[in-house]
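Reader: Hello! I'm in my first year and still learning to read structures. Could you pick one part of this one, look at it closely, and then show me how its surroundings connect?

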Amino acid sequence: MSEPLLRLDHVSKTFARGGFFSRRRIEAVKDLSFTIAADKAEIFTIIGESGSGKSTTARMILGIERPTGGSLQFDGLDVGALNGHADRMRFMHAVQPIFQNPFEAFNPLKQLDRYLFLTARRFGAARDQAEAERLADEALRKVGLSLAEAKGRFPHELSGGQLQRVAIARALLSNPKLIVADEPVSMVDASLRMAIVNLFKALRDELGISIIYITHDLATAYSISDRIIIMQKGEVVEAGDARAVLAAPQHPYSRQLREAVLTPDSPRALAS
Ligand SMILES: Nc1ncnc2c1ncn2[C@@H]1O[C@H](COP(=O)(O)OP(=O)(O)OP(=O)(O)O)[C@@H](O)[C@H]1O
């Protein structure tokens, strides 16, 4: 079997909190292992209540936080110890983040097209302005927008949903293999959530990009996930194929997941 794209091997993260006399250890993530295959793109969902360790996991996969135990490998790179400019650049091209609040991802005083052109020059290998514009337009069209719609506009002139699409377009400019999306729709209007998460399906199917989708939203999680892990207090309490977890739910969270399928938000999930 070929090497996986991403391998988490008994990954843990412990934080120390408090002062000298009242030092407490917080085990944010305990003994987490999973892989994402290199040859088949998938949407891998991490679901769990607040404080279950989802964001800490995302931050370790993105190389922002170092694990205190275990190892994290991405395409032959040790993510916990990225050394040298070439390795860091290769990693940053291949793994792109999407965060919860798109308004925090952009400077409010900077026009959105500038971001896209800069990213196209830096990551997308555009050699001149015309090529940067072409690549930016191509990326925006993949998320249902166009350069004409974004040109000259500031972040506050777009809705949260549109801005999250621009953030996804920017991520696509580096041709990533993996997108780590941490609560990407929790600040987006409920009526637009499905449209954004359905975009992830298109990225998986049409561009072969794997997505790690982190959420506590059961309806969207059920609708788009190939595999799911359910975390509670830093530990995986249930894992497997999304439909299999739903077919035989063991954990209260998986039972809620089953009920979420029956909400008006996800009629398509029921029908499929
Ligand atoms: N930098 C830090 N220093 C100390 N403790 C931290 C730090 N980051 C996270 N924690 C703690 O680790 C635990 C897991 O937090 P984490 O943010 O990963 O959970 P989460 O599932 O993403 O929650 P949420 O959905 O609220 O973002 C929590 O108890 C949190 O308080």
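Author: Let's start at the end of helix 1, which is followed by Gly63, a residue with a positive phi near 80 degrees. Helices here are DSSP runs of H or I with at least four residues, strands are runs of E with at least two, and both are numbered from the N terminus. Please keep in mind that this is a predicted model, in which local features need pLDDT of at least 70, side-chain atom pairs count only at pLDDT 80 or more, and totals for chains, interfaces and linings use all residues. Residue numbers start from 1 along each chain as its sequence is written.

Now look at helix 1 itself. Is it enclosed by the rest of the structure, or left open? It is largely enclosed, because 7 of its 8 residues are buried. Buried means that 20 or more other C-beta atoms lie within 10 Å of the residue's own; with 12 or fewer a residue is exposed, in between it is partly exposed, and the C-beta atoms are placed from the backbone. The buried residues of helix 1 are Lys54, Ser55, Thr56, Thr57, Ala58, Met60 and Ile61.

Two of those names return when you look at the ligand. It is surrounded by 13 residues, and the closest are Phe15, Ala28, Ser50, Ser55 and Thr56. (A residue counts as near the ligand if its C-beta atom, placed from the backbone, lies within 6 Å of it.) Strand 1 (6-17), strand 2 (24-36) and helix 1 (54-61) are the elements that each give two or more residues to this shell. Helix 1 provides the largest share, with 3 residues. By type, the shell holds 3 nonpolar, 8 polar and 2 charged residues. In that count, Ala, Val, Leu, Ile, Met, Phe, Trp, Tyr, Cys and Pro are nonpolar, Asp, Glu, Lys and Arg are charged, and the others, Gly among them, are polar.

The two strands that share the shell with helix 1 also belong to a sheet, so let's follow them there. This open sheet has 4 strands in the order 2-1-4-5, with antiparallel pairing. Strand 2 and strand 5 (77-78) are at the edges, each with a single partner strand, so one side of each has no neighbour in the sheet. Two strands are said to pair if DSSP finds at least two bridges between them. Walk across the sheet and you meet 9 bridges between strand 1 and strand 2, which run antiparallel; one place to look is Arg17, which stands opposite Arg24 in strand 2. Strand 1 also pairs with strand 4, again in the antiparallel sense, over 5 bridges, and there Asp9 has Ser71 in strand 4 as its bridge partner. Strand 4 (residues 69-74) then joins strand 5 through 2 antiparallel bridges, with Phe74 opposite Leu77.

Two residues in this sheet deserve a pause. His10 sits in strand 1, and its phi is positive, near 50 degrees, although it is not a glycine. Most residues other than glycine have a negative phi. His10 is also exposed, with 12 other C-beta atoms within 10 Å. Leu72, in strand 4, counts as buried, with 21 C-beta neighbours inside 10 Å. From Leu72 to Glu49 there are 23 residues in sequence and 24 Å in space, C-alpha to C-alpha.

Finally, find strand 3 (residues 43-48), where 6 of 6 residues are buried. In a regular strand, side chains alternate between the two faces of the sheet. Both faces of strand 3 are covered: Ile43, Thr45 and Ile47 lie on one side, Phe44, Ile46 and Gly48 on the other, and all of them are buried. Which strands pair with strand 3? Strand 8 (residues 210-215) runs parallel to it and is joined by 5 bridges, with Ile212 as the partner of Phe44. Strand 9 (residues 227-232) pairs with strand 3 in the parallel sense too, over 5 bridges, and here the partner of Thr45 is Ile228.
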